[in-house]
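Here's a quick tour for anyone opening this structure for the first time. Have a look at it, then read on.

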Amino acid sequence: MLPLAAGAVYALLYSVGLAGSLARGFTLRYWESLVCRGTLWQTFAYSAYIMGVSILLSYLSALALVISARGRLMQRKWSRIFYLPLAVPALVLAFFAFRFLSGGGWLASLDFRLGFITSPQDFPELVNDPYGLGIIFVHFLLAFAFFSIYLDRVYANEHIEEQVQSAKILGAGSWQRLRRVIGPMILRKTWPAVSLYALFVFGSYEVPLLLGRSTPEMLSVRIVRMLSKFNLEDRPEGFAIVFAYMVLTVLLVIALRKSKGGLR
Amino acid sequence: MGLAALFIIIFFLGSCRQSGKEKALDPLQMSWEEVLKEVQGSTVHFMMWQGDPFINRYMNEYVKPKLDSLYGIKLVLLEGQGNRIVSQVMTEKEAGIRRGGIDMGWINGETFYQLRQIDGLFGPFVEKLPNSRYIDFDNPFIAFDFQQAVEGYECPWGNVQQVIIYDSLRVPDPPGNLNALTDYLKAHPGTFTLPNDFTGMTLLKAFLVELAGSPDTFYGPFREESYLKYSNKLWDWINANKKYFWHGGATFPDAVAPMHQLFINGELNFSMSNNDAEVDNKILQGLFPESTRAYVPDHGSIQNSHYMGIMTNGANKAGAMVVANFLISPQAQWRKADPAVWGDGTVLATEKLPLEWQKKFSEMPHRKYSPTREEIGKKAIREFDAEYMIRLYQDFRKKVIEK
């Protein structure tokens, strides 16, 4: 915790003009500039959107798969394929997605050969697009694999299938079994890990850097851009975002620790 | 988290290096013979961009062995450029680390301006280098960096000019000015863009020159009035036409490398480079098709030099000086200028060289696909004051990207 606290204090001091080579005394103008321009909220909102959609899609898909396999997904011969995306660095996967989904990529080439499009510009925007589809696609691949392995293990360890069978004997329908048995048990056990994974997606850098747009930007992309801007006078604004991000992270971790069944 | 980790790493790196046996001697007070004696067996940490296999091969297979055999110097190449160098030096200085992790760096005008701002550059050291007598300091493209006199605080290493890259099969007649580019964009929407980085901003400077009619408007200290007058015209032109840019001008590549990728994919009909020999280089690497060519539009393009800077908190300044001296030697510069090796323009005034080297430079293998330096040199524009770059970056984001 000490390095984290030291980093937070340093970022705060930098953002109010009290640290750094070019510091000129206390000022709130960097914070004012960030808050008043409105792009800070846009950055947080966009990061939250990417995180929410990626996690929701991958979690629900993995859950559906695990339920249909009744917790024996990883016992199947082909199940090792789930480990593959986890072994590939996110940047490599992002590059693969770019080559696959861009206007000059493999999918577009196939469309061209099939006569669906006549130039790369005719291909729909699936990367560097306004809705972050390329970023969501890569995070989905990574998270779906992780959640499938994780949920399958939880399903087996918590003996959920036995509970489901008991509920069935007692007359519960499939929707009731999902809502009253599987859902609560799985969610209670997995939400701390899911929250941490969501935080990881929220702060991801390489994937949005390659597949995102110049605006809106995800949080880490914006922080790195501001800390490495040509005008060194803009660095305090970058540190202000770093501080806000750290506070958010700490609050989430505290909330997880205090919650029932959370981090210990 | 990353920042905290960076502090810890820098702290330990600094501690390790401080415990070494290297003494804090001022090489500027020593004779060159003493400097050479001092550096025997030492290590120099050189931070440079390592994104080009040709440049890496030149450094690893030629420079490193030569430095070892000639001076007993072990050269360690660190990956990083511009902002990474500035960030590390700044963080080290703010943490009070006197013997930092970088001895020297490959820098350009942008980084020079920033490092001078934070007093991060050691010097003046260039005059101390024996080979500096061959440097063409009469050339304003070498003696001034972003209109700022280098004054011995950075050593010229190479000289380049920005070129626009195109595929001659796809673009038989590339646009030579903004009007022609407008027509081209309307006829071929989605095939042109510019990177939101140093190279892209450098292109915008050339556009400013066309709008102003002459580069003289931007020479000398920054003038707010000139900047506002012509930059507003520039933003108007971009905003009026960005719907014809790649992805409708809603996003821009963040560097030249992804632009090259888009050019190779066929999404873009143009790329660009600050290295005027880039096309030869990339065709030889098998990345660009042989039909690729480069040109400088009628309004001209920025020619600038890249330099080597020694950090004020570098642990081995003497070693860095010896490395810099070798890299500006006729043999190292001649080898580097070969398009099959790197293709980087020399900073030496070849007429000052011994006859054998003059002959070698005159017989240098010619470029096959890139325009000659003589040809594009006629359209060379000097770099503007650094404030123009700051404002272009800011306004491009506010008035184009976020609009």
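What follows is a short briefing on the domains, a sheet, the chain contact and the cores.

Keep in mind that this is a predicted model. Chain B is assigned two domains, and chains A and B touch each other through 29 residues from chain A and 31 residues from chain B.

**The two domains of chain B**

- Domain 1 of chain B takes in 25-161 + 304-376, while domain 2 covers 163-303 + 386-401.
- Measure from one C-alpha centre to the other and you get 28 Å between these two domains.
- Where they meet, 25 residues of domain 1 of chain B are in contact with 24 residues of domain 2 of chain B.
- On the domain 1 side of that meeting, at least two residues each come from α3 (53-71), α5 (109-117), β6 (155-161) and α15 (373-377) of chain B.
- That same side of domain 1 of chain B is made up of 11 nonpolar, 9 polar and 5 charged residues.

**A small piece of sheet**

- Chain B has an open sheet of 3 strands, lined up as β8-β7-β9 with antiparallel pairing.
- At the edges sit β8 (270-273) and β9 (292-295) of chain B, each pairing on one side only.
- From one strand to the next, the twist averages 30 degrees.
- Strand β7 (residues 163-167) of chain B pairs with β9(B) over 4 bridges, and B:D167 stands opposite B:T292 of β9(B).
- Helix α10 (residues 256-265) of chain B lies across β7 and β8 of chain B, at about 145 degrees to β8(B).

**Where the chains touch**

- On chain A's side of the contact with chain B, helix α1 (residues 2-15) of chain A gives the largest share, with 5 residues.
- Chain A's side splits into 12 nonpolar, 14 polar and 3 charged residues.

**The nonpolar cores**

- The largest nonpolar core has 94 residues, and the ones with the most contacts inside it are B:M104, B:I165, B:M321, B:V323 and B:A324.
- Helix α16 (residues 386-401) of chain B provides the largest share of this core, 8 residues.
- Both domains of chain B join in, each giving this core at least three residues.
- Which residues is B:M321 in contact with, leaving aside its neighbours within four places in sequence? They are B:P27, B:V35, B:F125, B:K128, B:L129 and B:I310.
- Another core, of 62 residues, lies apart from the largest one and includes A:F146, A:I186, A:I223 and A:L227.

Definitions and conventions:
Residues are numbered from 1 along each chain as its sequence is written. Chains are lettered from A and ligands numbered from 1 in the order in which they are written. This is a predicted model: local features need pLDDT of at least 70, side-chain atom pairs count only at pLDDT 80 or more; totals for chains, interfaces and linings use all residues. Two strands pair if DSSP finds at least two bridges between them. Axes are lines fitted to C-alpha atoms, for helices over the stretch in contact, and angles run from 0 to 180 degrees between N-to-C directions. Two residues are in contact if their C-beta atoms, placed from the backbone, lie within 7 Å. Ala, Val, Leu, Ile, Met, Phe, Trp, Tyr, Cys and Pro count as nonpolar, Asp, Glu, Lys and Arg as charged, and the others, Gly among them, as polar. Domain bounds come from an automatic or database domain assignment. A nonpolar core is a set of buried Ala, Val, Leu, Ile, Met, Phe, Trp, Tyr and Cys residues joined through C-beta atoms within 7 Å. A residue is buried if 20 or more other C-beta atoms lie within 10 Å of its own, exposed if 12 or fewer, and partly exposed in between; C-beta atoms are placed from the backbone.
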